[in-house]
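This report describes selected helices, strands and residue contacts of one protein structure. The sequence and coordinates are shown first, and the description follows.

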Amino acid sequence: MERNNKLKKLLNNISATDAASLQKSFANHLECSLAKDTYSATKLDLYKSIAYTVRDRLVERWIATQQAYYDNDAKRVYYLSLEFLMGRSLGNNLVNLNFLDECHKALHELGYDLEELCEMEEDAGLGNGGLGRLAACFLDSMATLELPAYGYGIRYEYGIFLQKITNGYQVEMPENWLRYGNPWEIDRPEHMYPVKFYGKVREYTDENGVLKTEWTDTQIIMAMAYDTPISGYCNNTVNNLRLWSARSSREFDLELFNEGNYFKAVEEKQRSETISKVLYPSDNVHEGKKLRLKQQYFFVSATLQDIIRRYKKMNASFDAFPDKVAIHLNDTHPAIAIAEIMRIFIDIEGLPWEKAWDITVRTFAYTNHTILPEALEKWCINLIGTLLPRHLKIIYEINSRFLESVKNKYPDDVDRLRRMSLIEEGHEKHIRMSHLAIVGSHSINGVAALHTEILKTNVFRDFYEFYPERFNNKTNGITQRRWLKKCNPALSQLIIDTIGDGWLKNLDDLKKLMPFASNKEFCETWRRIKKTNKIKFAQYIKQTTGIVVNTDSLFCCQIKRIHEYKRQLLNIMHAIFLYSSLKNNSCKNHVPRTILFGGKAAPGYFMAKLIIKLINSVADVINNDPDIGDNLKAVFLPNYQVSMAEHIIPAADLSEQISTSGTEASGTGNMKFALNGALTIGTLDGANIEIMNEVGSENIFIFGLTEKEVEHIKMRGYNPYEYYLSNTALKTVIDMIANGHFSSSNSSLFTPITDSLLKNDPYMVLADFASYINTQMMVSKSYLTQDEWTKKSILNVARMGKFSSDRTIREYAGDIWNVKPVTVKLNGS
């Protein structure tokens, strides 16, 4: 204890956040950590020096936080996610630690620009879309709310991919985000766990006559921990994100090496470490499927071993496990954790089945993020039986007991048994991982009111009828610290100067802005900030793509994963409609527009990649037509990621949230845009409905079929060709695509798209086209009256209080996890 206190006294100076202390720490790291001086230092070295400087100031809080959780014997939340789309850490930590201005001053006095150094940081390649970004927002809110929480995932060496656009096509390149190191992480070789695969299952009777099961002859891969600090806003809490990296249990075969078989000597190491190489390997081939399942079990197994190790420090039995541990499954990817914890409880800890199952269900909770059938994971029984033979037996047993309970309630309903079974029958049997997650969890939640209703009445209707008390809604949210304070400093400063900074911890405080929506001076400043953001982003567009855009134009933004249900097609069809109208002079009261796209298509998703090509081909024609000039531009921004979103969102005028109603679980991009003053054009889908309810229907542009109408039309028999024949504008747009107007060297290039739209149109693009075009005309009309537009923009921001991830996490903590805040105190505080 005395030694620890002495060390703490010596470390006190690294906690200081005045400019002089920051400068001293910065210089020390440049010389002592990186072995550079001001002559040899690169911008990357300078970035790392300031990153280490900031990390130093996290460490004391980080250690104190973990100790506080032990001292309070607190119940802890473990958030399991295959993705954490963290973005960049430097700016976010400076905001949360509340010395952004001091750091800027310290570096400026040394002749360096903080913003320039922040741009040197690579986005962490740990996620792809909304699922991972939500997880990152949740970690921020958990720390801000002082909740004892941990994130667990995989430390991918490569992200999903680096997207380049070549001749209009997406080209995937390796995203080696770790090539220059990661100053925010700390490796923990002392926390390394064996993870088993393959092998066989042996049953035997022990000396007491009890039937036992043993998983033997397995292949072992080691999971090594890497920790990243997650800071809370203006408090002392720094939680932990622990990511697992795969290591071989046998690094190097010296005997083979000495025999001259150099490649074979390291083959095992290379094969083992493939598990944590890449986020989402393509599952179009069997080996890709196998690697995905390996990844899921790998991080789940290591995580549960780590959780149980920590629990055993304070507890001699598992009786209190659900009172001290809450494990949350972020979608179905970690669902194998339910079978794994049962294996640990029964095979290793010796608990009887009934007790083990009771503990498991009381411990686990599951968030569903999708209703799309292809995203509700299923694993082939043969694959699981080969990789995880013990888990297959456990899943069969879970299913058998579960179906028995269903049969007791519905004795004559064989169809219900078939629908609810964890095993999907057919030519090839599959395990339904979403069913496993539901049966093994005490709470199942959707992420928007409509999404949850669809889960209860459609996707999981049988389960809702069987477990009505387990289902609940937790509408998603975003962290205002990153998505307003950090990414839009000028607007956030205006808000702080006007109503104070209470909104950074209580977003409902933004309601205080409402009276200022009629204040002329305030509105002029609001418009001026938006224009400045647009000018700044226009420079970014020129640097990135070479395209010059009109900063007086309406910036329309659709930035998200490329998928047919998100309907980037509808957006580019509107661009073609505008182009055609301008060419034939039929466009009345035209408002100049810049239509911006960003997002990645899965490497194996042919149609999504062809949509990217179409967007770029249309953009190429529009942008190079002298008749069009500044009246219309279309831009596809390559390699969309969190740091790019932070440039786009503050500059956006219009947020395109145009998925087919009933397909988007929630969306969080809609919230980020609205929080920064963009108006939304969208369908009644996901969280758009709740945004409309909050901001008012007069301050949002809603179009298209409702979820019920979509369902009704499909049941009646949807014929997209009828819409094509009956709408002249739509026919013109489709014909221009089909006849090669945007693909002169290959007129049939986009035939797969036009054929799909005219013959099938699964996401009702043609059915919603007319409504979308009419609503876009309303957008243009509204934009012409800038005073009215500005008022709508201010009211959108003022009424976004509900959509803070702080609110969402409070609901999770109170309704599902039953965890309480733990205030962290530092020495002297």
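In this predicted model, helix 7 covers residues 130–144, and its 15 residues should span 21 Å at 1.5 Å a residue. The end C-alpha atoms of helix 7 are 21 Å apart, which agrees with that expectation. Of the 15 residues of helix 7, 14 are buried, so the helix is largely enclosed by the rest of the structure. After helix 7 comes E146, which has a positive phi near 60 degrees.

Two further helices can be set beside helix 7 in the matter of length. The table lists the expected span and the separation of the end C-alpha atoms.

| Helix | Residues | Number of residues | Expected span | End C-alpha separation |
|---|---|---|---|---|
| Helix 7 | 130–144 | 15 residues | 21 Å | 21 Å |
| Helix 10 | 286–312 | 27 residues | 39 Å | 39 Å |
| Helix 33 | 786–798 | 13 residues | 18 Å | 18 Å |

For helix 10, the computed separation agrees with the expected span, and for helix 33 the two values agree as well. Helix 10 is mostly covered, with 21 of its 27 residues buried. In helix 33, the buried residues are W789, T790, K792, S793, I794, L795, N796, V797 and A798.

Two of these helix 33 residues recur in the surroundings of S782. This serine belongs to helix 32, which runs over residues 765–784. Is S782 buried or exposed? Its relative accessibility is 12%, and S782 therefore counts as buried, since the cut-off for that class is under 20%. Apart from neighbours within four places in sequence, S782 contacts F701, W789 and K792.

Y723 provides a second local environment. This tyrosine is placed in helix 29, residues 720–726. With a relative accessibility of 25%, Y723 counts as partly exposed, because that class lies between the 20% and 50% limits. When residues up to four places away in sequence are not counted, Y723 touches I713, Y718, L730, L766 and A767. L705 is 18 residues from Y723 along the chain, and the C-alpha atoms of the two residues are separated by 14 Å.

Helix packing is illustrated by helix 30 (residues 728–738) and helix 31 (residues 751–759), whose axes are 9 Å apart and meet at an angle of about 145 degrees. Their crossing is left-handed. Which residues make the contact? Helix 30 contributes I734, I737 and A738, while helix 31 contributes T754, L757 and L758. By class, the residues of this contact comprise 5 nonpolar, 1 polar and no charged.

The strands remain to be described. Strand 3 (residues 162–166) pairs with strand 4 (residues 169–173) in the antiparallel sense, over 5 bridges. One of the bridge partnerships joins L162 to M173 of strand 4. The hairpin formed by strand 3 and strand 4 has 2 residues between the strands, and N167 takes a positive phi near 55 degrees there.

Elsewhere, 3 strands form an open sheet in the order 12-14-13, with antiparallel pairing. Strand 12 (378–380) and strand 13 (423–424) are its edge strands, each pairing on one side only. Strand 13 is joined to strand 14 (residues 430–432) by 2 bridges in the antiparallel sense. Within that pairing, E424 has H430 of strand 14 as its bridge partner.

Technical notes. Residues are numbered from 1 along each chain as its sequence is written. This is a predicted model: local features need pLDDT of at least 70, side-chain atom pairs count only at pLDDT 80 or more; totals for chains, interfaces and linings use all residues. Side-chain values use heavy atoms; hydrogens and water are left out. Two strands pair if DSSP finds at least two bridges between them. Helices (H or I, at least four residues) and strands (E, at least two) are DSSP runs, numbered from the N terminus. Buried means under 20% relative accessible area, exposed over 50%, partly exposed in between (1.4 Å probe, protein chains only). Contact means heavy atoms within 4.5 Å. Axes are lines fitted to C-alpha atoms, for helices over the stretch in contact, and angles run from 0 to 180 degrees between N-to-C directions. A crossing is left-handed if the near helix is turned anticlockwise from the far one by less than a right angle, and right-handed if clockwise. Ala, Val, Leu, Ile, Met, Phe, Trp, Tyr, Cys and Pro count as nonpolar, Asp, Glu, Lys and Arg as charged, and the others, Gly among them, as polar. The expected span of a helix is 1.5 Å times one less than its number of residues.
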